[in-house]
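What follows is a walk through one protein, beginning with the chain as a whole and then turning to a single sheet and the helices that lie on it. Please keep the sequence and the structure in view while reading.

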Amino acid sequence: MFEVTKEILEEYFYGKCPRWQARKVRDWLADPSNEGEATELMRALFDRLDADDPVLAGQGFEAVRARLGLPLPRREKPSRRIWRVARTVAAVCAVPLLVLSALLWRQGATVVEWHDEYAAYGEMKQVVLPDNSVVWLNSGSRISYPSVFRGKTRQVFAQGELYADIKSDPRKPFIIKTGDFSVRVLGTRFNMKAYPEDRAVEVVLVEGTVECYMDSDDDDRRMQLKAGDMAYYNRDSGVFEKRNFNPYIYSSFAEGGGMAFFHQPLVDIVAHLERCFNRKIVIMDERLSGIEYFAFFSKDDSLEKILETINMDRSMSITENNGMLFIDSGRR
């Protein structure tokens, strides 16, 4: 039997669960027989956030419900209403609920509408934010942002790959959150790659300065970047380090550039190629998955050309069957 713990529930709300686990958590939250246990787990997570007003907390949850088109609950005591609403919304809300609700609490009783933009596999999308900053989403990427930026920061949530051209506002920093990793900027241009299924997060700074930092209770590491720096964070090993690239020859996907792989393992490269070309690629020999490559490709390069270049030493066998590509060791 699948058991939901506080740790699993927290990973779910912050978008860090694998897909199979997220489905099980949603099913568990939607089961009325789990209401008591769900309430206690939700309360434990709630206590970790800096929201002291249960009335405003309730308004936050109700605002999320209204955005999803769900009926508002009967008026009850604030604390009970909070958890009942939270459990219902958690089963269907695409934006991490606790993070979104915390923003609503901080903004007081004012309801701010949230927008969710997604670029499907094989597509790219341009999104203009309320402050006229522009974000380009690469294939399989998502961004959630408010209809208006209130408070002391401009905060959005994202996953996947995006290129951001952020309007300068020294009084109100811009923050992008993706799981337990965040990027804080004043005004700059940078590329961020943070797909939840990939093991690594990369931030490539083209212009300006940014601060990258770990956004969790037990990890407060921070890193300042300038043009030509890249922040690299490996979710598996915990490595968080600064690397370098040449900003004069680098061009992101949003600027007509192609693909850049900075010492990325084959398994992550294959996942990215699947998203961009909307093709299924299978690595048959798991020993190949961890081999790292450093390579740049033009936007006009075909999938076959990219794989052929990666396989210049002919150490792999690449075959096609029914539209799927299979990568194995050696020649067949």
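Among contacts in the protein between residues at least 6 apart in sequence, 52% join residues that are at least 24 apart. The model is a predicted one, and its secondary structure comes to eight helices and 18 strands. Of the 332 residues of the protein, 49% count as buried, while the surface that the protein exposes comes to about 16,300 Å², with carbon and sulfur atoms supplying 48% of that area.

With this overview in mind, one sheet can be followed strand by strand. It is an open sheet of three strands, arranged in the order β15-β18-β17, and its pairing is mixed. The edges are formed by β15, which covers residues 281-283, and by β17, which covers residues 316-321, and each of these two strands pairs on one side only. Neighbouring strands of the sheet are turned by 20° against each other on average, if direction is ignored.

In general, the strands of a sheet pair through backbone hydrogen bonds, and they do so either parallel or antiparallel. Here β17 and β18, the latter made up of residues 324-329, pair in the antiparallel sense over six bridges, and within this part of the sheet M316 stands opposite S329 in β18.

Two helices complete the picture. Helix α7, residues 266-277, packs on the sheet and touches β15, β17 and β18, and its direction makes about 165° with that of β15. Helix α8, residues 303-310, also packs on the sheet, where it touches β15, β17 and β18, and the direction of α8 makes about 5° with that of β18.

Technical notes: Residues are numbered from 1 along each chain as its sequence is written. This is a predicted model: local features need pLDDT of at least 70, side-chain atom pairs count only at pLDDT 80 or more; totals for chains, interfaces and linings use all residues. Side-chain values use heavy atoms; hydrogens and water are left out. Two strands pair if DSSP finds at least two bridges between them. Helices (H or I, at least four residues) and strands (E, at least two) are DSSP runs, numbered from the N terminus. Axes are lines fitted to C-alpha atoms, for helices over the stretch in contact, and angles run from 0 to 180 degrees between N-to-C directions. Contact means heavy atoms within 4.5 Å. Buried means under 20% relative accessible area, exposed over 50%, partly exposed in between (1.4 Å probe, protein chains only). Accessible areas come from the Shrake-Rupley method with a 1.4 Å probe; for residues, only the protein chains shown count as cover.
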